[in-house]
Amino acid sequence: METKSHNRAQQIERYAGLVARLAPKSDMAKGVVRAFLVGGLICTLGQGITDFFAYKMEFGTQAASTATSICLIFLSALLTGLGVYDRIGKFAGAGSIVPITGFANSVVAPAMEFRREGLVMGVGAKLFTLAGPVLVYGIGSSVIVGLIAFFMEVM
Amino acid sequence: MILMYVKAFIVGGILCAIGQVLLLKTALTSSRILVGYVTVGVILGALGLYEPLADFAGAGATVPLTGFGYALSQGAMEAVKSQGILGAFTGGVTSAAGGIAAAVFFGYLAALIFKPRMKS
């Protein structure tokens, strides 16, 4: 009887060890697969929009890419407003953050949330809560790149 | 044509999967990931490493935020060729202007139209 309960305790212990060892890994794998699938789908949608502008509207490569960004940002703003993008985000994690739609979401979500603080310091300022850092580092580093390119050309 | 969609799916998916690994394995918040992706895009674009990826994967490389950074650095470098040092300041924002203006405009509209909902 005693050995049996001892076995049982051992079993539970082993099982707990197994759970601890395996659970985070499978969460990791699940999250990565979801991010891959949703992020991939958003980019595939982007490719469809790009092709539409490149072939049907005869935009150049750069213009088609810009038009695609604008369309995706519009879609993301709409879905964020309807509360759908947050649900996609819960499922997809980085799959909904990394694409340009995630950038748009980071603009819209705080602006909506702080609407009650007024149109200037509420919406106007909070639009840039997350987009601000992105623009600061993106634009800042692009100026550095431009300056380096300039001095390399001069020398 | 179909192949382009497959490539966009796979490359875009991988870039997001890397983001997910960073999210889970490091203490990086989503805003830091956004900033990191843009900056990495600027650097890879400047080194000429992102252009082959954009040619290969199309929207798979331009839709993720690294593509936003790539557009910024590409714009700055091209503008320097035509306008000299002034281009370093105007080129980046010019090429990313569509996205920035769209985010501000649609973001503002959405905040006016939609009511924030309770978090469930």
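1. Two residues are taken to be in contact if their C-beta atoms, placed from the backbone, lie within 7 Å. With that cut-off in mind, Gly138(A), Ile139(A), Ser142(A), Val143(A), Val145(A), Gly146(A), Ala149(A), Phe150(A) and Glu153(A) of helix α6(A) meet a set of residues in α5(B), namely Phe68(B), Gly69(B), Leu72(B), Ser73(B), Ala76(B), Met77(B), Ala79(B) and Val80(B). The residues of this helix-to-helix contact divide into 11 nonpolar, 5 polar and 1 charged. Please keep in mind throughout that this is a predicted model.

2. As for the geometry of this pair, α6 of chain A covers residues 128–154 and α5 of chain B covers residues 65–83, and their axes come within 8 Å and cross at roughly 35°. The crossing of α6(A) and α5(B) is right-handed.

3. Turning from this pair to the whole contact between the chains, 62 residues are taken from chain A and 64 residues from chain B. On the side of chain A that touches chain B, the elements giving two or more residues are α1 (2–56), α2 (61–81), α4 and α6. The largest share of that side comes from α6(A), with 17 residues. By character, the residues of the side of chain A that touches chain B divide into 37 nonpolar, 22 polar and 3 charged.

4. Helix α4 of chain A, which is among the elements that give two or more residues to the side touching chain B, spans residues 100–113 and has 14 residues. From its first C-alpha to its last, α4(A) reaches 20 Å, which is close to the 20 Å expected at 1.5 Å a residue. This helix is mostly covered, with 13 of its 14 residues buried.

5. Chain B contains 6 helices and 0 strands, and from the N terminus on its elements run α-α-α-α-α-α. Taken along the principal axes, the C-alpha atoms of chain B fill a box of roughly 55 × 35 × 35 Å. Of the 120 residues of chain B, 52% count as buried. Among the contacts in chain B between residues at least 6 apart in sequence, 59% join residues at least 24 apart.

6. On confidence, chain B averages a pLDDT of 93, and 97% of its residues score at least 70. For the complex, the predictor gives an ipTM of 0.93 and a pTM of 0.87.

Note on methods. Residues numbered from 1 in each chain as written. Chains lettered and ligands numbered in written order. Predicted model: local features only at pLDDT ≥ 70, side-chain atom pairs only at ≥ 80, totals over all residues. Axes fitted to C-alpha atoms, helices over the stretch in contact; angles between N-to-C directions. Helix = DSSP H or I, 4+ residues; strand = E, 2+ residues; numbered from the N terminus. Left-handed = near helix turned anticlockwise from the far one by under 90°. Nonpolar A, V, L, I, M, F, W, Y, C, P; charged D, E, K, R; others polar. Expected span 1.5 Å × (residues − 1). Buried ≥ 20, exposed ≤ 12 C-beta atoms within 10 Å, placed from the backbone. pLDDT = per-residue confidence, 0-100.
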